[in-house]
Amino acid sequence: MSVCRPARCLLTRTTTTAALPKSSTTPSKHHFSTSTPRPARRRPHYPNIKASTLKLLNEAAETAHPKYQERELDLLSKKYTPSQLAAIRAAEQTIDARDLLTQSQRRTDPWRLPYDDDLAEVDPVTDHADKLSASDIKGRKDVRAANEIESNEAIAKLATAELAKLYPDGIPEGQLTFEQQNRLEEAMEAALTQAALDPRAVYTGDEDAVRALADHRHSVVLPDLPRIETRMAKATRRLANEEQEDPRQKRLLQYLGWDKQKLRDIRVKTLVTHGVTNQTRMGKIRSLYYLTIAGNGEGLLGVGEGKSVEPEEGRVESVIAAIRNMKPIPRYENRTIFGDLERKVGATKVELFSRPPGFGLRCQHLIFEMARAAGLQDLSARVPRSRNKMNVIKATWEALTNQKLPDEIARARGVKLVDVRKVYYGGSVH
Amino acid sequence: MSLVNLAHVCSHLQNASKARLGVTSIPVSKLHVRLMLQLQKHGFLSSVTLGGPTPPLPFVLQSQSSEEEAAALASKLANEPWLAYPAPETASNKKSTLGEEKVYEVQVPANPARRRLWLGLKYWNNEPVLNKMELISKPTRRIWVGSEELGVITRSRRSGYIAGMTRPGECIFVSTDRGILEARECVERKLGGQPLARVY
């Protein structure tokens, strides 16, 4: 096609030159570029709608959103005041039924309400109960701490009520199977725990005021979470039979000042395992070496080593060392590192490069695991020299923890450094 | 414009930083002086002094104003802080209102071969401020770049032989026809030139 074109141009030119000289205002017929020419007639800004289509649309709108009939208006006037009615009619007039039909749509997203509701009334099943204030409590509002006898009495009363909920047909009597016995004991324990935690067992005073203490409608906390009922009982049961506790783990928790829940969120992975031998005059003593990393996925990363004759012993030692050694890692925008890093340990050199959002972790497996544990998302790396696993991990850890931050550099040099990513587009770059 | 001597200066500054020296000296040349003044401007060096074979007296050992004078100056500045800024020099205020300025005279040898450029090195948090200083344009391969290429380099991308400025706080000093400038300033002023050294 591109071969033919010059010939055609040539021909057209010869014909035009042969003819009389035209005025310069007439547009030339041939094209000087391969792009498609613009259409001569300008397209209208709005699509033309035929009268028949408009009629169909009007009919559909009329059926989908009909106008109020006289009878309906009468009914409305009974319910609403004249001014409210006027407002309703004004609103009806403002919104075109055709626009409603063509532009509105039913919600299909997963966050829509699961039921048809204009949210005008509180549904006792689906909605939160209304908050109550102190004025809703009848009588005196005095409460005082209960003494032991009153407290015990209240606990017994509450526990009985709770047990009655669990055993609506009465507590089973006679010879119980082992399972039934266990279940009953657990239920009693849970009921007693719950009753002891209930504010009605701790305070005494006017009956209404004490009842209001346990009423979630008086609570400042939004009662959307399940109440103590099952969860608290379950939690206490689990703690009761979870007796065996590792003394090393306990010491670690004391050292860190953490609770068990926080420790459970730590990601731990053993990356290197190999056997080592110690040659003594008695012979070879074989033991296992472990290297473990630990991170919380939010900028903490630790590396720990452990060695023991017993395999499990060495692994646990390395895990605890890794958690103890966790250090903060500065992350740029919580996703990558501040600039390129380089670190050498032994003959191993690790080069880490910061990368743009969405790049991912394109690096070798050891560095990938470390970046994932630390919560880095965009990173690439090179290990140009020795690839000794232990040294790669150590070098990466040292590089990540010893980053130079722009603020530090600015203070060291006494100059002003600005991250322009936070300057352009009003700082809303990601 | 000897890049060989500049290479020696670069490695000497790296070595001096690693050895945690406070003051060091380099041979004097116009190129060295201008580059060192740019380094000082960007905060890599604390002082640049022309001197002889012996180092100039450190600031703390120079003759200081007495405590009473310092206190008087502080109170005066607290009341009239605008006096800290230089006033236009006229016949009436030839003498500064803040009192006599202490000027430390350095003995510069008359023989230019005996002159040295004394540089004060900086440290922060037990780390040298100037960690690395390496030549870009080398005696065996001189490089010249335009402002567009410098723009690419400052945006942390490689351009030709020159790697991008990917480390935080990295600076490239470029010798242009408007003097030695930092790469970002060259981009701002649309200037090209010979990139001399990469410092971070």
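Axes here are lines fitted to C-alpha atoms, for helices over the stretch in contact, with angles taken between N-to-C directions. The model is a predicted one, and chain B offers a helix pair to look at along with two residues that have unusual backbone angles in its loops.

Start with the helices. Two packed helices are described by the angle between their axes and the distance between the axes. In chain B, helix 1 (residues 3-18) and helix 2 (residues 30-41) have axes that come within 11 Å and cross at roughly 35°. The crossing of helix 1 of chain B past helix 2 of chain B is right-handed. On the helix 1 side, the contact is built from Asn5(B), Leu6(B), Val9(B) and Leu13(B), while helix 2 of chain B puts in Leu31(B), His32(B), Leu35(B), Met36(B) and Leu39(B). Sorted by class, this contact between the two helices of chain B has seven nonpolar residues and two polar ones, with no charged residues.

Now for the loops. Arg20(B) sits in the loop that runs between helix 1 and strand 1 (23-27) of chain B. Its phi is near 60°, a positive value in a residue other than glycine. Arg20(B) has a relative accessible area of 40%, so this arginine counts as partly exposed.

Further along chain B, the loop between helix 5 (183-188) and strand 9 (194-199) holds Lys190(B). Here too phi is positive in a residue other than glycine, with a value near 55° for Lys190(B). Lys190(B) counts as exposed because its relative accessibility is 67%, where the cut-off for exposed is over 50%.

Key:
Residues are numbered from 1 along each chain as its sequence is written. Chains are lettered from A and ligands numbered from 1 in the order in which they are written. This is a predicted model: local features need pLDDT of at least 70, side-chain atom pairs count only at pLDDT 80 or more; totals for chains, interfaces and linings use all residues. Side-chain values use heavy atoms; hydrogens and water are left out. Axes are lines fitted to C-alpha atoms, for helices over the stretch in contact, and angles run from 0 to 180 degrees between N-to-C directions. Helices (H or I, at least four residues) and strands (E, at least two) are DSSP runs, numbered from the N terminus. A crossing is left-handed if the near helix is turned anticlockwise from the far one by less than a right angle, and right-handed if clockwise. Contact means heavy atoms within 4.5 Å. Ala, Val, Leu, Ile, Met, Phe, Trp, Tyr, Cys and Pro count as nonpolar, Asp, Glu, Lys and Arg as charged, and the others, Gly among them, as polar. Buried means under 20% relative accessible area, exposed over 50%, partly exposed in between (1.4 Å probe, protein chains only).
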